[in-house]
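Colleague: Could you take me through the reasoning behind the labels on this one? I would like to see how each term is earned.

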Amino acid sequence: MEKGPSRKERKEMLSDSKEKQERTLFLGNLPIACATDKAMAKDLKSRFSTYGPVESIRFRSIPFAEPQARRVAFIKKNFRKDGTGGTCNGYVVMKTREAALAALKENATIFAERHLRVDLAAEGEGSTKTNTKKSIFIGNLPMDLEEEPVWQLFGKCGSVTNVRLIRDRVSNMGKGI
């Protein structure tokens with residue numbers, strides 16, 4: 001019978017994962033092409049490398065046509081075409097927390113004709129907390145709305161720092177808010 005990790009080893013693993021999360025960036029409003037096109041992923045990595053060494057990049061929330069067969073859908077590039085847009089989320093793990101904090105400057109910048117949403121994956125110091133006094137709630141939105149048109153519309157009114165559309169975890173369809 002194989003013995004699992006000791007209490008000390010489990011504590012060290014948790015400490016390591018917390019430290020890693022503190023240097024991980026969340027990226028929103030990325031084009032799906034980042035996950036499928038190696039050149040675009042390389043451009044993204046190069047962009048964040050200007051702030052320090054990048055350990056890894058991974059992509060999530062890809063709108064697959066068949067969510068149950070994610071691996072096959074990814075290989076076949078079988079993505080939803082019914083308005084879930086061509087967006088996905090990403091995570092960039094920097095080698096140092098200082099590099100991750102410096103890379104927060106990329107929030108609201110343009111990458112592949114889209115405004116990037118960049119924040120620390122872990123809440124805490126340096127994480128951008130949404131100021132509810134400077135935020136607006138919009139309801140009754142089309143389920144197939146993407147973030148970029150919202151950036152462009154409200155950008156005409158002034159400086160926009162964050163756009164977040166709530167989506168269903170499985171289908172990646174918008175929930176209309």
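Modeller: Happy to; we can go through the aromatic pair and then the sheet, keeping in mind that this is a predicted model.

Colleague: How many aromatic pairs does a search of the whole structure find?

Modeller: The search finds 1 aromatic pair. Its partners are phenylalanine 26 and tyrosine 91.

Colleague: What makes phenylalanine 26 and tyrosine 91 an aromatic pair, and why is it called edge-to-face?

Modeller: Two values decide that. The ring centres are 5.6 Å apart, and a pair needs centres within 6.5 Å, so the two rings qualify. The planes make an angle of 70°; over 60 degrees counts as edge-to-face, and therefore that is the name used here.

Colleague: Which parts of the chain does the pair tie together?

Modeller: Phenylalanine 26 belongs to strand β1 (residues 24–31) and tyrosine 91 to strand β3 (residues 87–94), so the pair links parts that are 65 residues apart in sequence. In the sheet, phenylalanine 26 also stands opposite tyrosine 91.

Colleague: Are phenylalanine 26 and tyrosine 91 buried or partly exposed?

Modeller: Phenylalanine 26 has a relative accessible area of 15%; buried means under 20%, so phenylalanine 26 is buried. Tyrosine 91 is at 22%, and because the range from there up to 50% is called partly exposed, tyrosine 91 counts as partly exposed.

Colleague: How do you know that β1 and β3 are paired strands?

Modeller: A pairing takes at least two bridges, and 6 bridges join β1 to β3, so the two strands are paired. They run antiparallel. β2 and β3 are likewise joined by 6 bridges and run antiparallel, with isoleucine 57 opposite valine 92 and valine 54 opposite methionine 94.

Colleague: What is the order of the strands in the open sheet, and what makes β2 and β6 its edges?

Modeller: The 4 strands follow the order β2-β3-β1-β6, with antiparallel pairing. β2 (54–60) and β6 (117–120) each have a single partner strand, so one side of each has no neighbour in the sheet. From one strand to the next, the twist averages 20°. Helix α3 (residues 38–49) packs on the sheet and touches β1, β2, β3 and β6. Its direction makes about 135° with that of β2.

Colleague: Why is β3 described as largely enclosed?

Modeller: Of its 8 residues, 7 are buried, so β3 is largely enclosed by the rest of the structure.

Notes: Residues are numbered from 1 along each chain as its sequence is written. This is a predicted model: local features need pLDDT of at least 70, side-chain atom pairs count only at pLDDT 80 or more; totals for chains, interfaces and linings use all residues. Side-chain values use heavy atoms; hydrogens and water are left out. Rings of Phe, Tyr and Trp (its six-membered ring) pair if their centres lie within 6.5 Å; planes under 30 degrees apart count as stacked, over 60 as edge-to-face and the rest as tilted. Buried means under 20% relative accessible area, exposed over 50%, partly exposed in between (1.4 Å probe, protein chains only). Axes are lines fitted to C-alpha atoms, for helices over the stretch in contact, and angles run from 0 to 180 degrees between N-to-C directions. Contact means heavy atoms within 4.5 Å.
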